[in-house]
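Here are my comments on the model you sent, set out as numbered points. They concern internal cavities, cysteines and the surroundings of the ligand.

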Amino acid sequence: MNVPLLDLKLQYAQIQEEVEQEILRVSRSQMCILGKDVESFEENAAKYLGVKHAIGVSSGTDALLMGLMAYDIGPGDEVILPTFSFFATAGVVARTNATPIFVDSIANTYNIDPKAIAAKITEKTKAIIPVHLFGQAAEMDEIMAIAHKHNIPVIEDGAQSFGTQYKDGKFAGSIGEIGCFSFYPSKNLGAFGDGGLVTTNDDVLAEKLRQMRNHGMYPKYFHKFIGGNFRLDAIQAAVLNVKLKHLEDWHKARRKNADLYRKYAQKEGLEIANNVQNFINSNQIYLPEPIYAETGINNNHIYNQFTIRIARRDKIKDYLSANGIGSDIYYPVPFHRQECFSYLNNPDRDFPNANMLVSEVLSLPIFPELTEEQIAYTVEKLAEAINIT
Ligand SMILES: *Cc1c(COP(=O)(O)O)cnc(C)c1O
């Protein structure tokens with residue numbers, strides 16, 4: 001049996017007719033960038049996320065960069081972020097010439113550890129970037145409390161969490177000062193190319209971000225500040241408008257798949273770890289849970305990725321691959337070990353959880369169209385791999 005990590009063609013087949021009509025319509029209109037389609041997507045996205053303003057932009061990376069630029073973050077400033085995330089979260093901070101301050105993550109949610117944030121606040125801290133990793137919200141109550149105490153803006157990296165609810169129905173990306181999203185094709189809401197979104201409830205920030213998206217231009221050919229070309233294409237907005245209508249159904253299917261993984265893991269007699277400390281050399285596996293361990297609050301995981309932890313990870317990945325099952329390692333190298341950040345001299349011992357995660361995490365297929373048979377087969381092979389390796 002073949003189980004790809006992701007097969008976007010299956011999703012496309014469900015919406016093909018409508019999407020192709022929309023693309024044809026936009027083509028014939030020759031309204032290529034911004035315009036009515038982008039505006040209508042912005043309205044729909046703002047409504048869905050429960051935010052006042054949504055601004056369509058060129059990518060998730062640019063959304064984050066704009067968030068930092070909106071606060072004039074630059075040389076001498078510090079920005080706190082998790083060491084365990086996709087590279088863009090750190091790259092944008094370095095590109096403003098501010099100093100990225102990496103902190104450790106929590107072993108069971110894989111998200112930034114609020115206690116670690118509190119320990120790193122200084123006079124120079126100008127922003128905190130929590131990442132809602134893999135589709136699960138970071139612990140925003142704790143993070144916002146620290147931020148408010150020190151009067152520091154929070155720029156949420158929701159690139160993997162468009163539609164994730166934190167608690168009380170509040171969406172990831174609607175809680176901090178600025179929310180950032182990516183529509184890279186493999187994200188849970190994916191465009192047909194690059195795209196992103198910036199959200200805020202602040203009217204002044206929204207105005208600034210809209211101008212920033214177009215070189216800081218307002219009125220035409222007058223520039224009070226320097227922005228960039230961070231614009232979203234009309235075709236991408238039209239595709240996103242179609243997909244947005246299906247998103248809740250796709251999230252439901254992802255959650256159902258996660259439940260099936262749990263069901264078959266039990267059936268196969270896998271030892272499911274509730275001790276999330278280092279279990280290298282054990283036969284246990286850790287499965288992601290849609291709740292916060294400390295408070296028991298359900299955080300409505302949307303499973304952009306279904307990321308397990310497992311000992312002998314690389315060998316197990318190879319075994320799955322030899323049996324036709326796709327999986328990937330998000331992420332094998334934390335920021336504090338990246339060559340480009342060696343100038344920061346971060347000691348490895350400051351990040352025990354992230355160091356553990358990078359050697360244990362493995363993301364399994366979770367896309368909505370996956371069948372129960374494929375999940376059962378994947379867990380069967382996982383059990384074999386654990387016994388053999
Ligand atoms: C994908 C991603 C980004 C960057 O988004 P792009 O649209 O690819 O630029 C940023 N942060 C995280 C956590 C991501 O997963």
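1. The second largest cavity in this predicted model is lined by D141, Y166, K167, D168 and K170. Sorted by class, that lining comprises 1 nonpolar residue, no polar residues and 4 charged residues, and the space that the second largest cavity holds comes to about 30 Å³.

2. When the whole structure is searched for cavities of 30 Å³ or more, 2 are found, and the largest cavity has a volume of about 60 Å³. The residues around the largest cavity are L6, L8, Q11, P185, S186, K187, N188, R254, F367, P368 and E369, and by class they divide into 5 nonpolar, 3 polar and 3 charged.

3. Which domains contribute at least three residues each to the lining of the largest cavity? Both domain 1 (8-103 + 110-244) and domain 2 (248-388) do so, and the lining includes, for example, P185 and S186 as well as F367 and P368.

4. Turning to the cysteines, a search of the whole structure returns 0 disulfides. C180 takes part in none, and the nearest cysteine sulfur to it, that of C340, is 20 Å away; C340 is likewise in no disulfide, with the sulfur of C180 as its nearest cysteine sulfur at that distance of 20 Å. Since a disulfide requires the two sulfur atoms to be within 2.5 Å, a separation of 20 Å does not qualify C340 and C180 as such a pair.

5. Are these two cysteines buried or exposed? C180 has a relative accessibility of 1% and therefore counts as buried, the cut-off for that class being under 20%. C340, in contrast, has a relative accessible area of 42% and is partly exposed.

6. The ligand is surrounded by 16 residues, of which the closest are T61, D157, Q160, S182 and K187. One of these, K187, also appears in the lining of the largest cavity, so a reader inspecting either site will come across K187.

7. How far from the ligand are the polar atoms of G60, D157 and S182? An N or O atom in the side chain of S182 lies 2.6 Å from an oxygen atom of the ligand. A polar side-chain atom of D157 is found 2.8 Å from a nitrogen atom of the ligand, whereas for G60 a polar backbone atom is the partner, at 2.8 Å from an oxygen atom of the ligand.

Methods
Residues are numbered from 1 along each chain as its sequence is written. This is a predicted model: local features need pLDDT of at least 70, side-chain atom pairs count only at pLDDT 80 or more; totals for chains, interfaces and linings use all residues. Side-chain values use heavy atoms; hydrogens and water are left out. On a 1 Å grid over the protein atoms alone, a cavity is a set of points where a 1.4 Å probe fits but cannot get out, and a pocket is an open set with protein on both sides within 12 Å along at least five of seven lines; lining residues have an atom within 4 Å of a point. Grid points are joined across faces, edges and corners, and a volume is the space filled by probe spheres set on the points. Ala, Val, Leu, Ile, Met, Phe, Trp, Tyr, Cys and Pro count as nonpolar, Asp, Glu, Lys and Arg as charged, and the others, Gly among them, as polar. Domain bounds come from an automatic or database domain assignment. Buried means under 20% relative accessible area, exposed over 50%, partly exposed in between (1.4 Å probe, protein chains only). A residue is near a molecule or strand if one of its heavy atoms lies within 4 Å of it. A polar contact is a pair of N or O atoms within 3.5 Å; within protein, one must be able to donate a hydrogen and the other to accept it, and residues adjacent in sequence count only if both atoms are side-chain atoms.
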